[in-house]
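Me: I am a first-year student and should like a close look at a single part of this model. Please begin with one residue and its surroundings, and then widen the view.

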Amino acid sequence: MLISPESFGAKPESLSEQLFIERSLTENRFWLRIMKEHALFLGEGFNRKDTQHIQAADRFYHYFEQHERKSYQLANNVEVVRRFNEESIELVHGFRNFKRNLLILIINCKISGFNFPLLVDHIAREAEYFMRTLKKFNKGILEPIQDAIINENVFWLRIMMEHSRFIASLLDQSERNLVNVSRKFGDDFETLLNQARDVESMLYHKQPTYPIIGKMNKDSENATTELQAFKKAGLELIKSCQIRNVINPLLADHVLREAGHFLYMIKVLEDRLNQKKISEQR
């Protein structure tokens, strides 16, 4: 009798209390700062006459600033952290809706300014990712390692691809070498993203194939390490006024930190994968 492929699907893994606290605080402290800066960047990109949206962005900035500050004052307690996660989800949900509604207005030419539609979609997806992560933590579960590696890579590779292309569009086009390098990074990450999506399709509900997903994680690590070095060098050039661009130094630092967080996630996933292999060999 043929067995349904779904029967091979791995089950979620439980999250220990200590790991729940550590991962929750790490994600909150990273993403709350990111959300705060999204509000700042959106506010700077509106038409100056659009006071309603500028004021709304300013309010979100202060909400996230206060919540980020609170994240460093929490007791090392599961229930306290769980409640804080719920507060973060509620706050980010409102900001996500603001971004999605803003995107509709932009693509329908209802408001003007310098907030690219893809950029607004990009930061809305990051808000959705943050909420999904905290919701899983509050359920006390981790995705099966194979699913986690695929999902994290599909999400983050697209983010890195778009960062590369945003950088190319914000550099002065006289900076030909840097523009070309940025575009090349964008193409390289698009290739990795498409490969990850292929693996996602091929391995859906199938039994674990650790060599394939391990290689995917390693390829992502190598490419992101190179991009991180490029972003870091670019930030120093921007801060010292050595290249022509319209990139806010804070934005350059922002995307550099996101590359660092992807590398952190790759390490977390690699450690889980190695532990899974060891446990299955016993």
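Reply:
**A proline and its surroundings**

In this predicted model, P249 has a relative accessible area of 38% and is therefore partly exposed, a class that lies between buried, under 20%, and exposed, over 50%. The residue is placed in helix α8, a helix that covers residues 249-281. Leaving aside residues up to four places away in sequence, P249 touches L235, I238 and K239. For L235, the separation from P249 is 14 residues in sequence, while the distance in space is 6.5 Å, C-alpha to C-alpha.

The view may now be widened to the largest pocket, to whose lining α8 supplies at least two residues. This pocket has a volume of about 680 Å³. Its lining consists of 34 residues, and those closest to the centre of the pocket are L119, L170, I247, N248 and L251. At least two lining residues each also come from α1 (17-45), α4 (117-138), α5 (145-170) and α7 (210-239). Helix α7 provides the largest share, namely six residues. By type, the lining comprises 21 nonpolar, nine polar and four charged residues.

Helix α7 also leads to helix α6, since the buried residues of α6 pack against α5 and α7. Helix α6, residues 176-202, contains 27 residues and spans 39 Å from its first C-alpha to its last, close to the 39 Å expected at 1.5 Å a residue. Its buried residues are V179, S182, F185, G186, F189, L192, L193, A196 and V199. A general rule helps in reading such a list: an α-helix has 3.6 residues a turn, so residues three or four places apart point the same way.

Aromatic rings complete the picture. The whole structure holds 15 aromatic pairs. In one of them, the ring centres of F64 and F95 lie 5.2 Å apart and the planes meet at 55°, so this pair is tilted. The pair links distant parts of the chain, with F64 in helix α2 (residues 51-71) and F95 in helix α3 (residues 78-107), 31 residues apart. Both F64 and F95 are buried.

For F185 and F230, the ring centres are 5.3 Å apart and the planes are at 40°, so this pair is tilted. Here F185 belongs to helix α6 and F230 to helix α7, and the two, 45 residues apart, link distant parts of the chain. F185 counts as buried because its relative accessibility is 11%, and F230 is buried with a relative accessible area of 17%. Elsewhere, F30, W31, Y129, F130, F155, W156 and F262 form one aromatic cluster.

Notes:
Residues numbered from 1 in each chain as written. Predicted model: local features only at pLDDT ≥ 70, side-chain atom pairs only at ≥ 80, totals over all residues. Heavy atoms only, no water. 1 Å grid on protein atoms, 1.4 Å probe; cavity = no way out; pocket = protein on both sides within 12 Å on 5 of 7 lines; lining within 4 Å. Points joined across faces, edges and corners; volume = space filled by probe spheres on them. Helix = DSSP H or I, 4+ residues; strand = E, 2+ residues; numbered from the N terminus. Nonpolar A, V, L, I, M, F, W, Y, C, P; charged D, E, K, R; others polar. Expected span 1.5 Å × (residues − 1). Buried < 20%, exposed > 50% of the residue type's maximum accessible area, 1.4 Å probe, protein only. Contact = heavy atoms within 4.5 Å. Phe/Tyr/Trp six-rings, centres within 6.5 Å; stacked < 30°, edge-to-face > 60°.
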